[in-house]
Amino acid sequence: MSNNRKKKPILAGKKVKSDPSSHHQQANSSPHLDVVDTLDSYLPIPSLTAFQSCLLIACLAVASYINSLQGDFVFDDIEAITGNKDISPNTSMTALFHHDFWGSPIDSITSHKSYRPLTVLSFKLNYIVTGYLNAKSFHLVNIILHAIICIQYYYFTRTVFTASIYQCHSHQVQPFSRAPLLAALIFTVHPIHTECVASVVGRAELLAAILYFLAFSSYQHSLKTDLDEDGRPLEVQWAYQVITLCLAAIAMLCKEQGITIMGFCLAYDILINCQFHPFDVFRFSSKSTTMSDKKQFWIRPLLYRLLFVVLGTCSVLYLRYLIMKSGPPKFRPSDNPASFEDSLLVRILNYNYIYAINAWLLISPNWLCFDWSMGCIPLIKTIFDYRCIFPILFWIIIILVIASNSNSTKSSSRFINVALAAAIIPFIPASNVLFRVGFVVAERVLYLPSIGYCMLLTYSFCYLSRKGLFNKAILIGIIALLIGYTCKTIQRNSQWLNSEDLFVSALDICPLNAKVHYNIGKVYSDSGKDRMAEKYYRTAVRLEPNYEQALNNLGNLLKDRKAFDEAEQFLKRAVEQRKDFAAAWMNLGIVQSDLRKYKEAENSLITATIHRSYYPDAYYNLGNLYIATKELIKSEAAFNKAISQREQHKLAWNNLVLMLFNNGNLEGAEKYAKRGIQEIANFSEMHHLLGNVLGKQKKYKEAVHHFEKAMLSNPDDPALYANL
């Protein structure tokens, strides 16, 4: 081994045993490294111990989100939690590993392909511990997880600041204290995180973030071995590298974004551990002295690590692809309109405009909306659209920042580059570059990229403070920023408390978003405000004429109001837009039956059962149709199918027994009535029916018994006394 290789810790803040002369020689042999930067000491905030900082961060995290404890299950929580059978304690633990995030089979062509079994497992454990779906307990766990992440972020930024700014060969360096604290405080209260914390399904991002930081820590531990004189790693502990890959894979089982930690670790390794910038390749090639002449022993170990990261990440991604089985998810144009544009130019313009919007949301999180699809951001169709200026400005700024910080020997450049990497790499899966995503803008995917933004913002405060001017103004700015972010977070939390407030709040941000109007209509429909619901459904259909969910719900609403002709038109449009829309086919069949279009109704209801084999409500309505057409054998078969799929289907039991009773099949009615009573406890309606059936057969003693059973549940029902 070469004599100039020396064991030494990679991170600043630890003592290195060396005599003054050897240290002097090292300093002389490394003139490219700048002197120790005291950037942290200029920040006009208190210097706290690590314990004090963590305590402050945790308290602020809880205080910022404590009002979200009163929140209900809203928006995606409804489908992912309250409507997800995998979360029920009665469902097998293994089932969630075969289903997507929403409870659908992962191999189904209709699956969203969001495979996050560990997040679903956390929901299930939440349910088991509380014994029921208690929204407060779910929100409490999210707040605790966010507080843990904020503490992790403090230590993460302390590592990055210290290793980036200080010389790696310094014999004694104190870790940064002020800058990591400020970055963590900004991260803690940043309003962009409200969707992840205040919305229960945001736990996917939270769990992935915890594993993200653990994976980074593991990667760094793998390099604390043999170092050269400049602190570059020459060996690697492969066990920690494997642990890093495993943690990244586990993070991906919480949220797909988690795998990007492998890319960030590699970027950090190159930029900070190896003090190398990709532009250095051109510098070396332009000089007579080559990298090999300089005995760069650290290059080969770096290439080994790079190979491991690339192959390991690709292997994990391939396994993730195999899990989808039926291929990638199928999205609709309304989910991500730009990605369905035929013109490459139009796609590029809109993608870059969306990147600029995401960057602005991190800088100024005032436009927060639960959904940005369906016309929320009108497409840019031409280069003459004035909005093209924003992506141009965005890339000018990014290019200028990268170009002005391409010097790997400059400490501030190293930090800025790694902060940019922390902001950009986690965003890549949401960029539409590698594959199409099912959204336009999603605040939740900015949880991890905000790691880099908060570091850059903190560095800007450090830089201004170092100038020694306007320190009081800087302090006031920091306080104003933290207070402003905190107030915005608390206010945004209050909008996530219930569905109505959340959806109505979106009208100011995305008034052209059909999904916003649809969701408001759904809330009003569920609360019995049908006129208000109809108004918003009609607006949704006007904004998005092919919005099949809105067409179906509007048709269903008109059906309940007996406006059958208009309802039929909307429901026909719904099934035209989505041929496999089982619910719309069933509703169309019901309307057609009410219009006495029995053949068309039969075809619609059968089509519904073809597209959804387990559909007891469709079979129930098919049974009712056959009663109307006097096809009693078919009616009995349809009702039997309904109750075989859902034994607790009271209406199917009732109508089956009534159909047989009204057509004189008293024995059959008695048989099914007694079966219904066995299947459903306290089935008072069936006791009443059975009493009538038995009375008709002159089995008076049994009839009286069942009438009395029915009276226990409905003592004020006059029909019971009349029949008795």
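These are my notebook entries on one predicted model, taken a topic at a time.

**Entry 1: the whole chain**

I started with the overall make-up. The model is predicted, so I kept that in mind throughout. I counted 31 helices in the chain and zero strands. The chain has 724 residues, and 54% of them are buried. I then looked up the accessible surface, which is about 32,600 Å². Carbon and sulfur atoms own 61% of that surface. For contacts with a separation of 6 or more, I found that 70% join residues 24 or more positions apart.

**Entry 2: the cores**

Next I went inside. Which residues have the most contacts inside the largest nonpolar core? They are Tyr153, Phe264 and Ile451, in a core of 172 residues. Helix α5, residues 135–165, gives this core its largest share, 12 residues. There is also a second, separate core of 23 residues, and Tyr619, Met686, Leu689 and Leu694 are among its members.

I stayed with Tyr153 for a moment and listed what it touches beyond four places in sequence. Ala183, Ala184 and Phe187 are among its contacts. So are Phe213, Ser450, Ile451, Cys454 and Met455. Ile451 turns up here as a contact of Tyr153, and I had already noted Ile451 for its contacts inside the core.

**Entry 3: helix α6**

Ala183, Ala184 and Phe187 are residues of α6, which made me look at that helix. Helix α6 covers residues 178–189, 12 residues in all. From first C-alpha to last it reaches 17 Å, close to the 16 Å expected at 1.5 Å a residue.

Why do I call α6 largely enclosed by the rest of the structure? Because 12 of its 12 residues are buried. The buried list includes Arg178 and Thr188 along with Leu181, Leu182, Ile186 and Val189. I checked what these buried residues pack against: α2 (50–65), α5, α16 (450–466) and α17 (471–495).

**Entry 4: Asn493**

From α17 I picked one residue, Asn493, which lies in that helix. Is Asn493 buried or exposed? Asn493 is buried, since its relative accessibility is 0%. Leaving out residues up to four places away in sequence, Asn493 touches Ser64, Tyr65, Asn67, Ser68, Thr194 and Ala198. Ser64 and Tyr65 fall within the range of α2, 50–65.

**Entry 5: salt bridges**

I moved on to charged pairs. The structure holds 25 salt bridges, and I looked at three.

The first pair I wrote down is Glu256 with Arg320, at 3.1 Å from N to O. Glu256 sits in the loop between α9 (238–252) and α10 (261–273), while Arg320 is in helix α12 (residues 299–324), so the pair ties together parts 64 residues apart in sequence. Arg320 is buried, at 10% relative accessibility.

Next came Asp335 and Arg332, whose side chains meet at 3.5 Å, N to O. Asp335 is buried, with a relative accessible area of 10%, whereas Arg332 is partly exposed at 30%. I also noted that Arg332 and Asp335 belong to a network of salt bridges with Glu548, Arg578 and Asp580.

My last pair is Lys599 with Glu602, at 3.8 Å, N to O. They are three residues apart in helix α24 (residues 598–611), which means about one helical turn separates them. Lys599 is exposed at 67% relative accessibility, but Glu602 is buried at 14%.

**Entry 6: a nonpolar patch outside**

I finished on the surface. Which residues make the nonpolar patch of about 710 Å²? The patch is made by Tyr386, Ile389, Phe390, Ile392, Leu393, Ile396 and Leu400.

I looked up two of these residues in more detail. Ile389 lies in helix α14, residues 389–404, and counts as partly exposed at 41% relative accessibility. Ile392 is in helix α14 too, and its relative accessible area of 45% makes it partly exposed. One distance went into the notebook as well: the C-alpha atoms of Ile392 and Asn352 are 8.4 Å apart, although the two residues are 40 residues apart along the chain.

Conventions
Residues are numbered from 1 along each chain as its sequence is written. This is a predicted model: local features need pLDDT of at least 70, side-chain atom pairs count only at pLDDT 80 or more; totals for chains, interfaces and linings use all residues. Side-chain values use heavy atoms; hydrogens and water are left out. Patches are made of residues with over 30% relative accessible area and no salt bridge: like charges are joined within 9 Å, nonpolar side chains (Val, Leu, Ile, Met, Phe, Trp, Tyr) within 5 Å. Accessible areas come from the Shrake-Rupley method with a 1.4 Å probe; for residues, only the protein chains shown count as cover. A salt bridge is a side-chain nitrogen of Lys or Arg within 4 Å of a carboxyl oxygen of Asp or Glu. Helices (H or I, at least four residues) and strands (E, at least two) are DSSP runs, numbered from the N terminus. Buried means under 20% relative accessible area, exposed over 50%, partly exposed in between (1.4 Å probe, protein chains only). A nonpolar core is a set of buried Ala, Val, Leu, Ile, Met, Phe, Trp, Tyr and Cys residues joined through side-chain atoms within 4.5 Å. Contact means heavy atoms within 4.5 Å. The expected span of a helix is 1.5 Å times one less than its number of residues.
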